[in-house]
Amino acid sequence: PSIGAKTASEAGELKLATAFDGGAAQRAGLASGDILVAIDGLRVTPASLEGMLARHQPDDSLKIHAFRRDELMEFTLQLDPPAVESAQLAPRSGKKAEVASARRIAWLGQ
């Protein structure tokens with residue numbers, strides 16, 4: 001699951017570098033620059049975040065405590081599914097494909 005944000009480690013603290021538009025963090029009211037301190041009452045660090053999230057499923061709700069400047073705030077965040085990062089390659093067809101195939105064979109051999 002995903003919190004819908006990019007995080008950064010700063011002096012051992014877990015900081016939201018970017019809250020993605022429409023992502024879980026933004027929907028919960030978190031903002032870039034917030035420092036996450038606890039998830040469901042347990043201290044969170046840059047090293048522990050992934051493990052804590054791995055215990056949950058998409059759509060689970062988490063109680064987040066974060067500092068915004070000097071104010072401790074509480075948020076309820078509903079996890080997003082993991083981001084899908086994939087690409088699909090397909091061969092060309094037609095004359096350009098024949099030229100590319102001939103070049104590939106010339107370069108790599110049979």
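Reader: Why does Asp-80 count as buried?

Author: Asp-80 has a relative accessibility of 15%. Buried means under 20% relative accessible area, exposed means over 50%, and partly exposed lies in between, with a 1.4 Å probe and protein chains only. Since 15% is under 20%, Asp-80 counts as buried. Before we go on, two notes on the model. It is predicted, so local features need pLDDT of at least 70 and side-chain atom pairs count only at pLDDT 80 or more, while totals for chains, interfaces and linings use all residues. Residues are numbered from 1 along each chain as its sequence is written, and side-chain values use heavy atoms, with hydrogens and water left out.

Reader: What makes Arg-27 and Asp-80 a salt bridge?

Author: The term asks for a side-chain nitrogen of Lys or Arg within 4 Å of a carboxyl oxygen of Asp or Glu. For Arg-27 and Asp-80 the N to O distance is 2.7 Å, so the pair meets the rule. This pair links distant parts of the chain, 53 residues apart: Arg-27 sits in helix 1 (residues 24-28), and Asp-80 in the loop between strand 6 (71-78) and helix 3 (95-108).

Reader: And why is Arg-27 called partly exposed?

Author: Its relative accessible area is 48%, which lies between the two cut-offs, so Arg-27 is partly exposed.

Reader: How many salt bridges does the rule give?

Author: The count comes to four. Among them is the bridge between Asp-34 and Arg-68, whose closest N and O atoms are 2.8 Å apart. Here too distant parts of the chain are linked: Asp-34 is in the loop between helix 1 and strand 3 (35-39), Arg-68 is in strand 5 (residues 61-68), and they are 34 residues apart. With a relative accessibility of 2%, Asp-34 counts as buried.

Reader: What makes Lys-15 and Glu-10 a salt bridge?

Author: The closest N and O atoms of Lys-15 and Glu-10 are 3.4 Å apart, so this pair passes as well. Lys-15 is partly exposed at 25%, and Glu-10 is partly exposed at 40%.

Reader: You keep naming helices and strands. How do you know where they are, and how many of each does the protein have?

Author: Helices (H or I, at least four residues) and strands (E, at least two) are DSSP runs, numbered from the N terminus. The protein has three helices and six strands. From the N terminus on, they run β-β-α-β-β-α-β-β-α.

Reader: Why is the protein called more spread out than a compact globule?

Author: The radius of gyration is taken over C-alpha atoms, and the globule rule is 2.2 Å times the number of residues to the power 0.38. For 110 residues that rule gives 13 Å, whereas the protein has 22 Å, well over it, so the protein is more spread out than a compact globule. The C-alpha trace spans about 65 × 30 × 25 Å along its principal axes. Of the 110 residues, 25% are buried.

Reader: Where is Ala-11, and what stands out about its phi?

Author: Ala-11 is found in the loop between strand 1 (5-10) and strand 2 (13-19). Its phi is near 55 degrees, a positive value in a residue other than glycine. Most residues other than glycine have a negative phi. At a relative accessible area of 80%, Ala-11 is exposed. Asp-59 also has a positive phi, near 80 degrees. Asp-59 lies in the loop between helix 2 and strand 5 and, at 53%, counts as exposed.

Reader: Why does Gln-57 count as exposed, and which residues is Gln-57 in contact with?

Author: Gln-57 has 52% relative accessibility, which is over 50%, so it counts as exposed. Gln-57 is found in the loop between helix 2 (49-54) and strand 5. Contact means heavy atoms within 4.5 Å. Leaving aside neighbours within four places in sequence, Gln-57 is in contact with Pro-1 and Leu-79. Gln-57 and Ala-47 are 10 residues apart in sequence and 20 Å apart in space, C-alpha to C-alpha.

Reader: What makes Arg-69 exposed?

Author: The relative accessible area of Arg-69 is 74%, over the 50% cut-off, so the word fits. Arg-69 lies in the loop between strand 5 and strand 6. Arg-69 and Ile-35 are 34 residues apart in sequence and 8.4 Å apart in space, C-alpha to C-alpha.
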